[in-house]
Every structure is written in C-alpha cells, then in structure tokens.
Amino acid sequence: MIFRFRIEKDTLGTVQVPIDKYWGAQTERSRNNFKIGLEGSMPIEIIHSFALLKKAAAYVNFELGILSKKKRDLISLVCDEIIEGKLDDQFPLVIWQTGSGTHSNMNVNEVIANRSHVLMGGVLGKGSYLIHPNDDVNKSQSSNDTYSTAMHIACYKKLIEKTIPSIEKLRRSLEKKSNSFKNVIKIGRTHLMDAVPITLGQEFSGYVSQIDHGLNSLIKTLEHLSELAIGATAVGTGLNSPKGYDSKVIEYICRYTGFPFKMANNKFESLASHDAIVESHSSLKQIAISLIKISNDIRFLSSGPRSGIGEIFIPENEPGSSIMPGKINPSQCEALIMVCTQIIGHDMSISLAGASGNYELNVCKPLMAYNFLQSAQLLSDSCYSFSEFCVKGIIPNYKRIKELLDKSLMLVTALTPRIGYEKSAKIAKCAYKNNTTLKEEAIRLGYLTIKEFDQLVKIDKMV
C-alpha cells in the first residue's frame, strides 16, 4: 500500500500528514507520539460537544466584533457537519494523551480550519487558508477551558438523554412487579438463613427504593455538572477572552442543546479540579452497587430449577451450557453484575484522576471523560436490557414458595409474645431435630393447644 502525504507545519516545524485527512500537524504529532492502548479514539461525544462549543464561540466572537461573518459562517458550517457525524473519522487521537486534552482541542481546530479551506474550493496543503486553527477557531479560548466545557456538556447530555431514562425504565419494571407480587407471601432471609415471612412485593419494593435513592442522588449532581468553564481560558483568569464572552457562549450552548447550562461559579475550580465529575460518577457507582445487590438477589431467588431456592422463574432467553443440555443461566443478572463491577472500577480511577489537579489545572481530563461516558453508557444499556429481558418476565413459583414457607421454622417467632423466647426456641430446635412441624412440637411439649397455635401463627398477619 502506498501512502500519500502532504506537508503541514506548526510552531515546531513541518510534519507529514495523510493527504486525504482534514487534521493538521499538531494532531499528527499526537497520533505518532501516543500509540497507547486499544480503547480507540477520544469519545465521539466529546468531539461533538467540542463542535457545539466552537460554533457558539464563533457566533459570540462575531457579535463582539473580533471575527468576520464569513469566518463565523464557515466555522459554523463545519461544526454542523461534525455534530451530524459526517466527519467522525477525522478524530483519531487516543485518550492517553496530554492530561488537558489539548491535542483533541487542536484536532477539532485543525479539522474545522482545513475543512473550511476545502469548502472554499481550496486543496489541502496548498494555497492561502482563510481560517486559522488557533487564531480563528480557538479565538477567546484555551484547551484548558474548552476541554473542561466539552466534557461537562457530553457527560450531562449522556445522563439526561440515555442513562437516567434507562434507570427510570428499570425502576418502573421493578415497581410493577412489586405491585403485582404484593399478596405473594414467602419466607424472608437474613444472613442467608430462614427468617420471618415477607411478601415478594415487599422484597421488590426494597429494590425500587434503592433505585429511587440512587436516582435522586444522581439528579442532584446535575446542578454542579451543568457549570461550564468556558471563558476561564488558561488558568481561570479569562486572559484573551473579551468581556461578556463567557455568558454569551453559554447562552448559545443552552439554545443548541436545550439544557440549562450555566457559568461556573468559580472558574479556577472548574479548571483545577473536576469535583462535579467525581460527584456525579459517585452517584453512578451508588446505583451500580444497588444493582449488584438486586441482580444477585434475583439470580439466587431463581436458582435451581430443582436444587436451589427456585422461588421465582426468570425468562429463558438462551441455552446456558455447551455441554449440559437444558441448562438455563441467569445471564442478564450476570451481565449487569459485570457492568456494575466495571463502573465501580471506573469510579476509583475517576477519584484518583480528580485528585490530580496540580495548582491551576487538572491533568487527567481525558481519562475522567472516557470513564464517565463509558459508565453512563454501560449503565444505560444494561438497565434497559435487564428490565426488558429479565425483570419484565419474572413470575413467582407459587408451589415452591408455599413449600418453603410451610417448612420454615422461623414462623415460631409469632409465639414469643405468648410463651417467650426460650420456649419458642425449644419448639424450633425440636421440630428441626425430630423432622416434625412447629405445631406438633408446641403441642407435644405442652406449651400450646391446637387452637392457641392456630390463633397465633397466622402467616398473613406476620407480613
């Protein structure tokens, strides 16, 4: 294969760039210097958010009299192409680059400048360019505030458009099951051992409440996450950014996205730390922890079909074994557990990355953005899948539930107010040792009559 190149230059000199690519010298340097990992390129959500920001900045720079209308319109046109996904293959840089995301900011700047040149009828690498990547596309900006802004836009949008709706869908599915199971009395379990009765609906209501608390926590973090750093430029002072630029850019971003973004309360904080990302992802971790508990409960409750608990049936979606015919596994539960385990791992990385703010700049921004967006996407997809292909099809195994309930020794708890703890314990121990029922032992030991026992042990009153 013969590769053809053109010559591009930056402040360090000349660089060979593939002749058919819109990026320039700085992008190519990063592409060659950071061949790290197999994760792929910078999340496309970040790139699209950059384009939203660059378009807004171009309009504001025009309004403030420091960018021509022709340049504004060209920059805006290319930004629209990026937002629509038409140039996705022009952003090859990996996550593992400079910690400020400067390389990806310049990747976007160079693509916009070079694509504008082509739209004007020019040939890449030849002639005089109307749009300069730094002087025009990056006008009034720094990589430090643009990457931070793009990161917040992308993460906020992902939560609103994908993650929260999927979690809400799972919550509705669990609530529907809780309501339909409200009269299904079963044995409860504490320490994995038999306990007093509970309804299956009550058990599922606990899952609904866990999701509610996690969602509330996540939604509360949106306030901080909506703060944008744009206008802070290099260190938070706003150097080279005109007065009023920051608020006007945010107005345009709000108009483009429909979301209530606002100016960061303190721009030094918005560059030097990313506590909003840490806080918001911590809520994703909280939900992940809840979902591991829920999915484990469901797979244990459905275990069997003959040698486990088997109190519920879950959908039989696919064969479970390549060697054991007829075996069905709780695969949706297992997938959800793996996703949530990954999210917990991401949270540790984000926590350490969030602590890596040195003076006026956090230097792990791409890692934080990558992990956050992957967590948000994985949680969205897995909640939808778990709801649709597991929870939706759960039905009680009434026969097994009654069998286990009738055999339970912990029904003896209903006797303690009448005969005391020690006599009740003796009844339970004797019933277990003699393989008899609680009623039989209560009568044999002379503690209660049949009528008294039946009056006290009413399972429907114990829940």
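Biologist: Which residues touch the most other members in the largest nonpolar core?

Modeller: In that core of 95 residues, Ile-46, Leu-225, Leu-291, Ile-298, Phe-372 and Phe-386 touch the most other members. A nonpolar core here is a set of buried Ala, Val, Leu, Ile, Met, Phe, Trp, Tyr and Cys residues joined through side-chain atoms within 4.5 Å. Buried is under 20% relative accessible area, exposed over 50%, and partly exposed in between, with a 1.4 Å probe and protein chains only.

Biologist: And which helix gives the largest share of this core?

Modeller: Helix α6, residues 143–180, with 12 residues. Helices (H or I, at least four residues) and strands (E, at least two) are DSSP runs, numbered from the N terminus.

Biologist: Before we go on, what sort of model is this?

Modeller: A predicted one: local features need pLDDT of at least 70 and side-chain atom pairs pLDDT 80 or more, while totals for chains, interfaces and linings use all residues. Numbering runs from 1 along each chain as its sequence is written, and side-chain values use heavy atoms, without hydrogens or water.

Biologist: Thanks. Let's pick Leu-291 out of that core. What is Leu-291 in contact with, leaving aside its neighbours within four places in sequence?

Modeller: Its partners are Leu-170, Ile-211, Leu-336, Cys-340, Leu-379 and Cys-383. Contact means heavy atoms within 4.5 Å.

Biologist: How many residues are in the second core?

Modeller: That separate core holds 15 residues, and Leu-409, Val-412, Ala-442 and Phe-453 are among them.

Biologist: Back to α6 for a moment. Is Thr-163 buried or exposed?

Modeller: Thr-163 sits in helix α6 and counts as buried because its relative accessible area is 0%. Apart from neighbours within four places in sequence, Thr-163 contacts Lys-158, Leu-284, Ala-376, Leu-379 and Ser-380. You'll recognise Leu-379, which Leu-291 contacts too.

Biologist: Nice link. New topic: how much space lies in the largest pocket?

Modeller: About 500 Å³. On a 1 Å grid over the protein atoms alone, a pocket is an open set of points with protein on both sides within 12 Å along at least five of seven lines, a cavity is a set where a 1.4 Å probe fits but cannot get out, and lining residues have an atom within 4 Å of a point. Points are joined across faces, edges and corners, and a volume is the space filled by probe spheres set on them.

Biologist: Which residues lie nearest the centre of the largest pocket?

Modeller: Out of 22 lining residues, those are Leu-404, Asp-406, Lys-407, Ser-408 and Leu-409. Two or more lining residues come from each of β3 (185–190), α13 (398–407), α15 (421–434) and α16 (438–444). The largest share is four residues, from α13. Leu-409 turns up again here: this pocket-lining residue is also a member of the second core.

Biologist: How many cavities of 30 Å³ or more does a search of the whole structure find?

Modeller: Two. The largest encloses about 50 Å³, and its lining is His-152, His-224, Glu-227, Glu-269, Ser-270, Ser-273, His-274, Asp-275 and Ala-276. At least two of those residues come from each of α9 (267–272) and α10 (275–301).

Biologist: What lines the second largest cavity?

Modeller: Ile-314, Pro-315, Asn-317, Asn-329, Pro-330, Ser-331, Gln-332, Cys-333, Phe-389 and Cys-390. Its space is about 40 Å³, and helix α11 (residues 331–354) supplies the largest share of its lining, three residues.

Biologist: Let me jump to Lys-461. How far apart in space are Lys-461 and Ser-273?

Modeller: They are 55 Å apart, C-alpha to C-alpha, with 188 residues of separation in sequence. Ser-273 is one of the residues lining the largest cavity, whereas Lys-461 lies in the segment after α17 (450–456). Lys-461 counts as exposed because its relative accessible area is 67%.

Biologist: Now backbone geometry. Where is the cis peptide bond?

Modeller: Between Gly-304 and Pro-305, with omega about 10°. Pro-305 belongs to the loop between α10 and β7 (312–313).

Biologist: What about phi at Tyr-359?

Modeller: It is positive, about 55°, although Tyr-359 is not a glycine. This residue is in the loop between β8 (357–358) and β9 (361–362), and its 75% relative accessibility makes it exposed.

Biologist: And Asn-435, where is that found?

Modeller: In the loop between α15 and α16. Asn-435 has a positive phi of about 55° without being a glycine, and is exposed at 71% relative accessibility.
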